[in-house]
Amino acid sequence: MVVELFNVNWKVAWGMLIANYFFLTGLSAGSFLLGALSEVFGQEKYRSVSKMAIILATILLIIAPLNLIAELGQTGRFWTLLTGFHPTSPMAWGSFLLIAYPLLCVAEGYFLFRRDNAKRAVSGSMAFLYRALVLWRTDLTEATIAFDKKMVKTLAIIGIPLAFAVHGYTGYILGVVVARNLWSTPQMPVLFLLSAMVSGTALMILIVYIMQKFFSSKKYADSTLIVNLGTLLMVFLLVDMLYIFFELTMRWYSYELSKDSVRELLFGKVSFYFVWIEMILGAIIPFLLVTIPKIRKNVGAVLLASALSLMGVFAMRMDFVVGGQFYSRNGVIDNLYTSFPLYLPPLTEVMPFAAIWALGFFMFALAVWTLPWEYKEGAAGGD
Amino acid sequence: MQPHLKRAIFLLGVVIVGFIFIRSLVVPDSYGQYGAYRGDSVYENRNFTVEYAGSQSCGDENCHKTLYSIWADSRHKTVNCETCHGPSEKHVSNVRIMPSPANDSREFCGKCHYKMVARPSSFPQIDPESHGENLKCAYCHNPHKPWFV
């Protein structure tokens with residue numbers, strides 16, 4: 001006998017884990033595209049980050065889908081995503097993108113690190129590991145090395161649209177939800193991609209600084225590289241802010257429902273997070289830090305700007321994913337979230353969140369410990 | 001072709017073939033028969049025994065006619081009999097089988113009526129601590145016509 005009634009008190013269906021997933025895929029796509037700057041577009045001044053970029057892109061995209069799996073009510077049935085396929089469902093495409101993209105990253109990493117790995121595979125206590133990493137083929141002739149370079153470039157070219165797709169689709173699945181005012185606009189994928197570039201660059205700055213300063217052989221961070229990356233960060237922040245400006249103002253001219261969503265962002269319940277944390281602390285201040293001529297050459301300023309804009313982009317993911325659920329097409333969901341933090345992630349989300357980040361750090365440590373991530377001056381790419 | 005590329009492509013091939021192979025094993029046979037779902041699930045659902053008779057059947061001649069008309073006039077008319085009384089199809093097809101008694105606990109009424117911010121403010125809600133002196137709700141309210149105290 002059924003005496004149990006479903007109680008409709010689940011307030012935020014897509015919580016912190018989904019925001020975290022969006023954040024991680026964004027970081028991954030951003031890192032990948034940053035690496036492609038030198039591999040594909042020949043921007044030599046960013047050559048030294050291309051190895052780190054591929055390490056980050058791979059690891060971030062391996063841990064990102066774990067958020068989705070942890071978020072499922074029936075965690076053990078996630079594999080049905082791969083057995084069922086619905087051609088008009090963006091999520092169904094997403095689950096295949098989420099496999100293709102890390103595979104491509106691994107393949108690119110294979111060719112990028114092959115030369116160093118092959119050298120290390122000859123002797124040493126870890127030689128067996130490197131032999132496995134080069135698939136037991138250690139030929140290092142002129143031809144193979146030139147070939148590896150070509151493969152890296154080809155894979156990076158294929159990877160660019162794939163990186164756009166794998167992160168753009170996260171914005172897409174929000175954009176197709178017609179019932180949510182804030183989400184249902186075709187601009188969503190672009191908005192997510194632009195902030196992905198910001199966060200990818202910001203993370204790269206922090207990682208490059210920390211790794212070079214404390215873990216490299218020279219124990220010294222390349223400040224011109226950091227400042228160059230800071231300039232990139234400036235450009236991305238500018239484009240991102242301009243886009244948000246266009247989005248907000250044009251929606252303000254648009255029909256009433258669309259206008260509502262702007263009103264909610266600027267004056268509504270998420271306004272504190274949107275205006276203060278996302279825009280002022282997370283975009284405008286970092287933008288000034290990397291723009292004002294007197295301080296933009298200062299490594300400390302660039303680092304601070306990176307940390308702030310990373311926080312800003314995470315806030316953006318939270319504002320849009322969680323905040324978007326406060327407002328439906330028929331107006332603000334009354335009565336809900338009147339108290340200050342608006343949304344407190346339940347423990348069932350906080351624990352996987354922490355575990356996923358811990359796993360990410362662990363994998364990163366493992367990767368930089370085994371793989372020759374350091375860029376050696378003078379040696380051509382692929383080294 | 002470079003030998004190490006051959007290795008990599010071979011590995012990729014193994015992964016892809018393995019994926020396709022495993023997928024072909026685990027995808028249910030009837031998948032895609034009618035659409036992007038398992039076709040058999042249609043039959044499985046059709047073969048479930050009917051447990052609910054529907055409020056209409058309670059109000060038949062010779063049955064709970066009076067109670068039904070009272071209920072149909074009340075503000076609980078949107079709450080079906082079997083929501084509180086449980087599935088009663090067996091009782092309807094054979095009156096000798098009595099359905100188990102309705103859940104009359106405070107918690108049960110509270111599922112819908114306890115105060116909760118997520119509910120529209122126009123929905124009748126009470127504070128479980130202070131309302132009704134901890135007596136069962138039916139002590140004061142008629143569940144079939146709630147305002148008929």
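**Figure 1. R47(A), a buried arginine with a salt-bridge partner.** R47(A) has a relative accessibility of 11%, so it counts as buried, the cut-off being under 20%. This is a predicted model, so keep that in mind for every view here. R47(A) isn't alone: it forms a salt bridge with E44(A), and the closest N and O atoms are 2.9 Å apart. What about E44(A), buried or partly exposed? E44(A) has a relative accessible area of 48%, which makes it partly exposed. So this pair joins a buried residue to a partly exposed one. Zoom out a little and E39(A) comes into the picture, because E39(A), E44(A) and R47(A) are linked in a network of salt bridges. Searching the whole structure turns up ten salt bridges over all chains.

**Figure 2. A salt bridge between R137(A) and D139(A).** Stay with chain A and look at the side chains of R137(A) and D139(A), which meet in a salt bridge. From N to O, the distance for this pair is 3.1 Å. R137(A) has a relative accessible area of 27%, so R137(A) is partly exposed.

**Figure 3. A salt bridge across chain B, K136(B) to D104(B).** Now hop over to chain B, where the side chains of K136(B) and D104(B) meet in a salt bridge, 3.6 Å from N to O. Where do the two partners sit along the chain? K136(B) is in the loop between α7 (106–113) and α8 (137–140) of chain B, while D104(B) is in the loop between α6 (89–93) and α7. The two are 32 residues apart, and the pair links distant parts of the chain. At 46% relative accessibility, K136(B) is partly exposed. D104(B), at 39%, is partly exposed too.

**Figure 4. N134(B) and K219(A), two residues with positive phi.** A bit of background first: most residues other than glycine have a negative phi. N134(B) is not a glycine, yet its phi is positive, at about 65°. You'll find N134(B) in the loop between α7 and α8 of chain B. Its relative accessibility is 64%, so N134(B) counts as exposed. For a chain A example, try K219(A), another non-glycine residue with a positive phi, this one near 55°. K219(A) is found in the loop between α7 and α8 of chain A.

**Figure 5. The largest cavity, lined by helices of chain A.** How many cavities of 30 Å³ or more does a search of the whole structure find? The count is five, and the largest of them holds about 90 Å³ of space. Its lining is made up of 14 residues, and those closest to the centre are D240(A), E278(A), G282(A), A283(A) and V313(A). Four helices of chain A each give two or more residues to this lining: α7 (188–215), α8 (223–253), α10 (271–289) and α12 (299–321). Sort the lining by class and you get eight nonpolar, four polar and two charged residues.

**Figure 6. The second largest pocket, with helices from chains A and B.** This pocket has a volume of about 1200 Å³. It is lined by 39 residues, and L103(A), C105(A), V106(A), A107(A) and Y110(A) lie nearest its centre. Which helix gives the most to the lining? That's α4(A), with 13 residues. Chain B joins in as well: α1 (3–26) of chain B supplies at least two residues of the lining, as do α2 (50–71), α4 (90–120), α5 (127–133), α6 (142–175) and α13 (347–370) of chain A. By class, the lining has 35 nonpolar residues, four polar ones and no charged ones.

**Figure 7. Chain B, a spread-out chain of helices.** Chain B has eight helices and zero strands. Why call it spread out? The radius of gyration of chain B is 28 Å, well over the 15 Å that the globule rule gives for 149 residues, so chain B is more spread out than a compact globule. Along its principal axes, the C-alpha trace of chain B spans about 90 × 40 × 25 Å. Of the 149 residues of chain B, 17% count as buried. The domain assignment splits out domain 1 (3–46) and domain 2 (56–139), and the centres of these two domains, taken over C-alpha atoms, are 48 Å apart.

Notes:
Residues are numbered from 1 along each chain as its sequence is written. Chains are lettered from A and ligands numbered from 1 in the order in which they are written. This is a predicted model: local features need pLDDT of at least 70, side-chain atom pairs count only at pLDDT 80 or more; totals for chains, interfaces and linings use all residues. Side-chain values use heavy atoms; hydrogens and water are left out. Domain bounds come from an automatic or database domain assignment. A salt bridge is a side-chain nitrogen of Lys or Arg within 4 Å of a carboxyl oxygen of Asp or Glu. Buried means under 20% relative accessible area, exposed over 50%, partly exposed in between (1.4 Å probe, protein chains only). On a 1 Å grid over the protein atoms alone, a cavity is a set of points where a 1.4 Å probe fits but cannot get out, and a pocket is an open set with protein on both sides within 12 Å along at least five of seven lines; lining residues have an atom within 4 Å of a point. Grid points are joined across faces, edges and corners, and a volume is the space filled by probe spheres set on the points. Ala, Val, Leu, Ile, Met, Phe, Trp, Tyr, Cys and Pro count as nonpolar, Asp, Glu, Lys and Arg as charged, and the others, Gly among them, as polar. The radius of gyration is taken over C-alpha atoms; the globule rule is 2.2 Å times the number of residues to the power 0.38.
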